[in-house]
Every structure is written in structure tokens, then in C-alpha cells.
Amino acid sequence: MSETDRLQRYLADELGECHDEDLQRRLAELDDLESALDEETVSSDVGALSALGNATRYRIVRLLVEAGEELCVCEITPLVDVSDSGVSHALSRLDDAELVSKRKDGRWRKYRATSRAVALLTVLDGSR
């Protein structure tokens, strides 16, 4: 049985009957929906969500969002109770996911939450 046959049966159940125009219209609508799944967008979004899927990385992003300003790595490390290398690795992953931005200030590296990070945490906060 083809996927089109299955869709046609579904539409017949939903509409009471299914004409070829109904099937073609629904296939066109589904094609339009599929365009929202372009690989670049999916990869970027999954990368951001995956980066937040670790307690250390989530805590760092939460700290930076709450701070509302840049924090030096030396300010972040004692707050998350992770080794310097662990914080460095977490920040690198968050930077790759575009959840933090970094800049070098002399010998210090400073990080700030991006608007993407703020938006994601705002959504999480609003869903509680």
C-alpha cells in the first residue's frame, strides 16, 4: 500500500469522501509544511537544544541570561562547580550552538548570552 493510498483513506474518513482534488490539495499542503524542515534549520535547532541538554551547559547559559552582561570565565567557573577545562569545553559547545558569544579582553575571555539563548530560556520560563 502506498503512502498516497493511506492518505486518501485518511481523508475519506475525515471528509466523508475523498476526491482526487482533495488528495492533491492535501499533498500540496504537506509539501509546503515540509519546506519548514530544511536541513540547515533542523541542524542548527537540534544543535542548540542538544547544547542545552547538559546540566553544566544549561547552568552556564542560565547564569549568563540572568546576569544580562558579559561574565569572565573566572566568574563562571566557581558558580558551576566544574573544572576549568570542563567549563571551557562547555563554553566552546555553547558558542558552536550560537547560545553564547565570546570576546577576548586582554588575557581574559568574556562570554555573553545571545538573543537566541535568551529566547529559548524565555520560552522555557513561560511554559512552567
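Start by selecting Thr-77 and showing what it touches: beyond residues up to four places away in sequence, these are Val-82, Asp-84 and Val-87. Keep in mind throughout that you are looking at a predicted model. Thr-77 sits in helix α5, and with 12% relative accessibility, under the 20% cut-off, it counts as buried.

**Around helix α5**

Now widen the selection to the whole of α5, residues 73–80. Which of its residues are buried? Colour Ile-76, Thr-77 and Val-80, and you have them. Look down the helix axis next: these residues span an arc of only 105 degrees, so they lie on the same side of α5. As a reminder while you look, an α-helix has 3.6 residues a turn, so residues three or four places apart point the same way.

What covers the buried residues of α5? Show α4, β1, α6 and β3, which are among the elements that do so.

Then step off the end of the helix to Asp-81, which follows α5. This residue belongs to the loop between α5 and α6. Is Asp-81 buried or exposed? Its relative accessibility is 73%, so Asp-81 counts as exposed. Check the backbone here too: phi of Asp-81 is positive, near 50 degrees, in a residue that is not glycine.

**Two helices that cross**

Carry on along the chain and select α6, residues 84–96, together with α4, residues 55–67. A pair of packed helices is described by the angle between their axes and by the distance between those axes. Here the axes come within 10 Å and cross at roughly 70 degrees. That angle falls between 65 and 115 degrees, and α4 and α6 are therefore roughly perpendicular to each other.

To see the contact, show side chains on both helices. Which residues of α4 take part? Thr-56, Arg-57, Ile-60 and Val-61 do. On the α6 side, pick out Val-87, Ala-90, Leu-91, Arg-93 and Leu-94. If you colour this contact by residue class, you will find 6 nonpolar, 1 polar and 2 charged residues. Val-87 may be familiar from the opening stop, as one of the residues touched by Thr-77.

**From α6 to the sheet**

Keep α6 on screen and bring up β2 and β3. The helix lies across both strands and runs at about 120 degrees to β2.

On the way from α6 to β2, pause in the loop that links them and select Glu-98. Glu-98 has a positive phi, near 60 degrees, and is another residue other than glycine. With a relative accessibility of 52%, Glu-98 counts as exposed.

Now display the sheet on its own. In what order do the strands come? The 3 strands make an open sheet arranged β1-β3-β2, with antiparallel pairing. β1 (71–72) and β2 (100–105) are the edge strands, each pairing on one side only.

Take the β1 side to begin with. 2 bridges connect β1 with β3 (residues 108–113), and these strands run antiparallel. Select Cys-72 and look across: its bridge partner in β3 is Lys-110.

Then move to the other pairing. How many bridges join β2 and β3? Their antiparallel pairing extends over 6 bridges. For a residue pair to select, try Val-100, whose bridge partner in β3 is Ala-113. Follow the chain to the hairpin of β2 and β3, where 2 residues lie between the strands. Gly-106 in this hairpin takes a positive phi near 65 degrees.

**Two stops earlier in the chain**

Jump to helix α3, residues 39–52, and select Ala-48. Its relative accessible area is 2%, so Ala-48 is buried. What is Ala-48 in contact with, once neighbours within four places in sequence are left aside? Show Ala-97, Leu-99, Arg-116 and Leu-120. Try a C-alpha distance here as well: Ala-48 and Ala-117 are 69 residues apart in sequence and 8.6 Å apart in space.

Finish in helix α2, residues 20–34, with Gln-24. At 42% relative accessibility, between the 20% and 50% cut-offs, Gln-24 counts as partly exposed. Draw one last line to Asp-5, 19 residues away along the chain: the C-alpha atoms of Gln-24 and Asp-5 are separated by 12 Å.

How values were computed:
Residues are numbered from 1 along each chain as its sequence is written. This is a predicted model: local features need pLDDT of at least 70, side-chain atom pairs count only at pLDDT 80 or more; totals for chains, interfaces and linings use all residues. Side-chain values use heavy atoms; hydrogens and water are left out. Axes are lines fitted to C-alpha atoms, for helices over the stretch in contact, and angles run from 0 to 180 degrees between N-to-C directions. Helices (H or I, at least four residues) and strands (E, at least two) are DSSP runs, numbered from the N terminus. Angles under 35 degrees count as roughly parallel, over 145 as roughly antiparallel, 65 to 115 as roughly perpendicular and the rest as oblique. Contact means heavy atoms within 4.5 Å. Ala, Val, Leu, Ile, Met, Phe, Trp, Tyr, Cys and Pro count as nonpolar, Asp, Glu, Lys and Arg as charged, and the others, Gly among them, as polar. Two strands pair if DSSP finds at least two bridges between them. Buried means under 20% relative accessible area, exposed over 50%, partly exposed in between (1.4 Å probe, protein chains only). The arc is that of the directions from the helix axis to the C-beta atoms.
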